[in-house]
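Here's a quick tour of a single protein chain, with an eye on its pocket. Have a look at the model first.

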Amino acid sequence: MVSRERGGESGDGQDEGPGEGQGAGRGGQGVRSGAPARAAAGRGRGRPRSFDRATALEAALMTFWERGYEATSVSDLTRVMDIGAPSLYRAFGDKRSLFEEVVREYGVRYGSFGDRALAEEPTARAGIERMLREAADEYTAPGRPHGCLVVHAAANCSTPEVEESLRVRRNANIAAIESRISADVAAGVLPPDTDAAALARHAGAMIQGMSQQARDGASRTELEALVEIALAVWPRG
C-alpha cells in the first residue's frame, strides 16, 4: 500500500486551516481581517497529498488480479491505493481506464513469458513447452494472486467493453501461436497436413485451463505434470 503523508482525507488531501474570524488568542480575540488573516489561514493548511504513481498502480493491479474486474469497486481501489477518489480520477481516469493501464502493466511485468518463449525457442513445439512450464511457475508463484489476470478478470464480467478487450488479448495470443506453428509447417519442421489453427487453440486451452486450476489450488508440480500430456498431441516432423 502507498505510504500516507500526514494530512487530511479530503479529496485533494488538504487539511482545512482556521478561517477568518475564528478565535485565536486569549480572551477570544479574533484574527483581524486582511493580509495577516490570509497568511494565518494559509499556514494552517497542510500540503496537498502526494503519492507514488507506480506503487499505486501496482496495488490496483494486484487487486484486479485477485478479485477480477467486476468485483473490484472504486472504494476497493482507493483503499488499497491509499488515495481519495478525486485523486484516482485525476491520475488514472475512471475505473475502466485504470484497468486498461493495469492490463498493459501486467503484460509487461508478469505476462510476457509466452511471447518470449515463442520468439526465443527454435521451434513452435519447444516454444509451447517452455510457455507451459513457465506458466506452471508463474501461475503458482508465492506472494501474489494465482493464475492469469487476463483470464481471471473476464470471469463474471458484465461490462461489454472490458470483456471484448480481454477476449481480443486472448485471441491475439492464440493467433501468435498459430503463426509460429504455421512457420514450422512451411519450413518442413512439422508435417504439411498439420492443423495449425487447432493445435494453437489446444495450446491456448491449456494455458487458460492451467490458470483456472492454479486459482483452484493446483500446485506447480501438478501443473507441470500436464505439460508432457499436452505435448503428446503434437505431430512429429
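What follows goes from the overall fold to the pocket and its lining.

Keep in mind that this is a predicted model. So what is the chain built from, in terms of helices and strands? The count is 11 helices and zero strands, and reading along the sequence simply gives α-α-α-α-α-α-α-α-α-α-α.

The chain has 237 residues, and 38% of them count as buried. Looking at contacts in the chain with a separation of 6 or more, 70% are between residues 24 or more positions apart. On the outside, the chain exposes about 12800 Å², with 49% of that supplied by carbon and sulfur atoms.

Now for the pocket. The largest pocket holds about 470 Å³ of space. Its lining is made of 23 residues, and those closest to the centre are Gly111, Asp115, Cys148, Arg169 and Asn173. Several helices give two or more residues to this lining: α5 (95–109), α6 (113–120), α8 (149–152), α9 (160–186) and α10 (196–215). Which of them supplies the largest share of the lining? That's α9, with seven residues.

Here's how the lining of the largest pocket splits by class:

| Class of lining residue | Count |
|---|---|
| Nonpolar | 14 residues |
| Polar | six residues |
| Charged | three residues |

To pull the pocket together: about 470 Å³ of space, a lining with 14 nonpolar residues, and α9 as the source of the largest share.

Note on methods:
Residues numbered from 1 in each chain as written. Predicted model: local features only at pLDDT ≥ 70, side-chain atom pairs only at ≥ 80, totals over all residues. Heavy atoms only, no water. 1 Å grid on protein atoms, 1.4 Å probe; cavity = no way out; pocket = protein on both sides within 12 Å on 5 of 7 lines; lining within 4 Å. Points joined across faces, edges and corners; volume = space filled by probe spheres on them. Helix = DSSP H or I, 4+ residues; strand = E, 2+ residues; numbered from the N terminus. Nonpolar A, V, L, I, M, F, W, Y, C, P; charged D, E, K, R; others polar. Buried < 20%, exposed > 50% of the residue type's maximum accessible area, 1.4 Å probe, protein only. Contact = heavy atoms within 4.5 Å. Areas by Shrake-Rupley, 256 points an atom, 1.4 Å probe, with all protein chains shown as cover.
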